[in-house]
Amino acid sequence: MSYTLTEIANHIGATIQGDKNCLIESIATLANAKSGQITFLANIKYRQQLKDTQASAVIISENCLVDCPTNALVMDNPYIGYALLAQLLDTTPKTANNIHPSAQIDSTAVLAENVSIGANAVIESGVELSEGVAIGAGCFIGKDVKIAEKTSLWANVSVYHQVEIGKNCLIQANTVIGSDGFGYANHQGAWVKIPQLGSVIIGNNVEIGASTTIDRGALDDTIIKDNVILDNQIQIAHNVVIGEGTAMAACSVIAGSTTVGNNCTIAGLVGINGHINITDNCIFTGFAMVTKNVTESGVYSSGLPAQPNKDWQKSNARIRKLATTNKKIKALEQELLALKNTMPDAQES
C-alpha cells in the first residue's frame, strides 16, 4: 500500500515542503533509502548523510531543512513522526486469528467477542478474556487469569494463575508472568520453600519484551502500572512495584519488594537492590548498581566504561592501594598541623 505525502503529513502532524502528491511505499534509513521511500533525520550526527539521500521524502526539523535535497515533512520532533509513520506502514501480522481447532480451552473459561487463540494454546478454568484479546500459539493461560480488551500475547507466553493484565498490552514471545518469587527460609542448612501467595497485576498500555520474567508476590502483589515498557530478558522479582510511564532496557533486574517511581528510565544491565524506594523521574545509565533509596530525581551512574586492559590494570592497582595511601595522607596532615603549631605567629616575626 502506498500513501501520498499529504496523507502521511496528516497522519503524523507535519507540514509539507515539496510535492504533496509524491507516493511513498515504505520507510528506510537516510543512507539506504531509494526512490519511493521516506526516511527521517532525528539525530544530528547523521546530518551529513542528508545531502546524499536518495529518498523521495525526509521527515525533518525546521533547522535542518536547508540541507534537504528532496521533499520534506517538517515537524518539531522527527523521531515521533517516524514512530507514527512506522505504525501506519506496519506489516506485522496478528498474534492469532480466530480460534485454532488445536487450542485447549476449559469449558468454564469466558471468551468475549473477537477473541483469537492460536494453535496448541492452553486456556485453563476460570479464565476471562475480554473483547479483542489475541493469544498466540503455544501460550499457557493459568487458572482464573483475567486479560482485558485488545491485549495481545505472542507465542509461548506463560501466564500463571490469578494474574491480571490490563487492556491494550503487548507481551512478546516466551515471557513468563506470575512465576514463583525467590522465597526460601533456611532451617539448619536446608532451604524451606515459601509459597508465593500474591499475584501479578499489570496495568493498561504496558509492553513487555521477549523472555522477560515477572515473579508473583509473596503476600502482596507484584504491580506493573500503566504505560510501562519493559525490554527483553528483564527480571522483576516478587512484590516489586513499577510506576506509570517507566521504561526499562534489556537485561536489567529489580530485586524483591522495591518500588520504582513514575517516569523513570532504566538503561540496560542495571541492577536494583531489594527493599528500596526510588522516586519519580530518575534516570539510571547502563551498568548502574542501585543499592539504597533514591529520594531525588536526576541522573545516576556507576558503571565504568571499557578501557584498554593495561590502563584498567594500572587503575585497579591504584584502587587497591587507596587505603594505604589514605593513611599516609592523614599522617602527613597530622605532621603538617603539628609543624604549624610549633611555628611562631607570622605577626610576631
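Biologist: What makes Y79, I80 and Y82 lining residues of the second largest pocket?

Modeller: This is a predicted model, and the rule is that a lining residue has an atom within 4 Å of a pocket point. In the second largest pocket, Y79, I80, Y82, A83, L84, A86, Q87 and D90 make up the lining. The space there comes to about 270 Å³.

Biologist: How is that lining divided by class?

Modeller: The second largest pocket has six nonpolar residues, one polar and one charged in its lining. Tyr is counted as nonpolar and Asp as charged, so Y79 and Y82 fall in the nonpolar class and D90 in the charged class.

Biologist: And what do we know of the largest pocket?

Modeller: About 630 Å³ of space lies in the largest pocket. Its lining is made of 23 residues, and those nearest the centre are K150, S152, W154, C169 and L170. Split by class, the lining has eleven polar, eight nonpolar and four charged residues.

Biologist: Back to the tyrosines. Why are F40, Y79 and Y82 called a cluster?

Modeller: Rings count as a pair if their centres lie within 6.5 Å, and ring pairs of this kind link F40, Y79 and Y82. Over the whole structure, the search finds five aromatic pairs.

Biologist: Why is the contact between R47 and D67 called a salt bridge?

Modeller: The cut-off is 4 Å between a side-chain nitrogen of Lys or Arg and a carboxyl oxygen of Asp or Glu. For R47 and D67 the N to O value is 2.8 Å, so the pair qualifies as a salt bridge. The pair links distant parts of the chain, 20 residues apart: R47 is in the loop between β5 (37-40) and β6 (57-60), and D67 in the loop between β6 and β7 (71-74).

Biologist: Are those two partners buried or partly exposed?

Modeller: Partly exposed is the class between 20% and 50%. R47 has 25% relative accessibility, so R47 counts as partly exposed. D67, at 33%, is therefore partly exposed too.

Biologist: Which other pairs pass the salt bridge rule?

Modeller: The count comes to three salt bridges. One of them joins the side chains of K51 and D52 at 3.1 Å, N to O. K51 has 55% relative accessibility and so counts as exposed, since that class starts over 50%. D180 and K193 also meet in a salt bridge, at 3.0 Å, N to O. This pair links distant parts of the chain, 13 residues apart, with D180 in the loop between β20 (176-179) and β21 (184-187) and K193 in strand β22 (residues 190-193). D180 is partly exposed because its relative accessible area is 36%, and K193 is partly exposed because its value is 41%.

Biologist: How do you know that both faces of β6 are covered?

Modeller: In a regular strand the side chains alternate between the two faces of the sheet. In β6, A57 and I59 lie on one side and V58 and I60 on the other, and all are buried. Buried means under 20% relative accessible area, so both faces of β6 are covered.

Biologist: What makes β5 and β7 paired partners of β6?

Modeller: Pairing needs at least two bridges. Three bridges join β5 to β6, which run parallel, and four join β6 to β7, again in the parallel sense. Both counts meet the requirement, so these strands pair. A57 stands opposite I38, and in β7 the bridge partner of A57 is N71.

Biologist: Why are β8 and β37 called edge strands?

Modeller: They belong to an open sheet of ten strands with parallel pairing, in the order β8-β11-β14-β17-β20-β25-β28-β31-β34-β37. The edge strands β8 (104-105) and β37 (289-290) each pair on one side only. Within the sheet, β25 (residues 213-215) and β28 (residues 235-236) pair over two bridges in the parallel sense, and Q235 in β28 is the bridge partner of T213.

Biologist: What is noteworthy about phi at N174 and H275?

Modeller: Most residues other than glycine have a negative phi. N174 is not a glycine, yet has a positive phi of about 70°; H275, also not a glycine, has a positive phi of about 60°. N174 lies in the loop between β19 (170-171) and β20, and H275 in the loop between β34 (271-272) and β35 (277-278). At 42% relative accessibility, N174 counts as partly exposed, whereas H275 is exposed because its relative accessible area is 67%.

How values were computed
Residues are numbered from 1 along each chain as its sequence is written. This is a predicted model: local features need pLDDT of at least 70, side-chain atom pairs count only at pLDDT 80 or more; totals for chains, interfaces and linings use all residues. Side-chain values use heavy atoms; hydrogens and water are left out. On a 1 Å grid over the protein atoms alone, a cavity is a set of points where a 1.4 Å probe fits but cannot get out, and a pocket is an open set with protein on both sides within 12 Å along at least five of seven lines; lining residues have an atom within 4 Å of a point. Grid points are joined across faces, edges and corners, and a volume is the space filled by probe spheres set on the points. Rings of Phe, Tyr and Trp (its six-membered ring) pair if their centres lie within 6.5 Å; planes under 30 degrees apart count as stacked, over 60 as edge-to-face and the rest as tilted. Buried means under 20% relative accessible area, exposed over 50%, partly exposed in between (1.4 Å probe, protein chains only).
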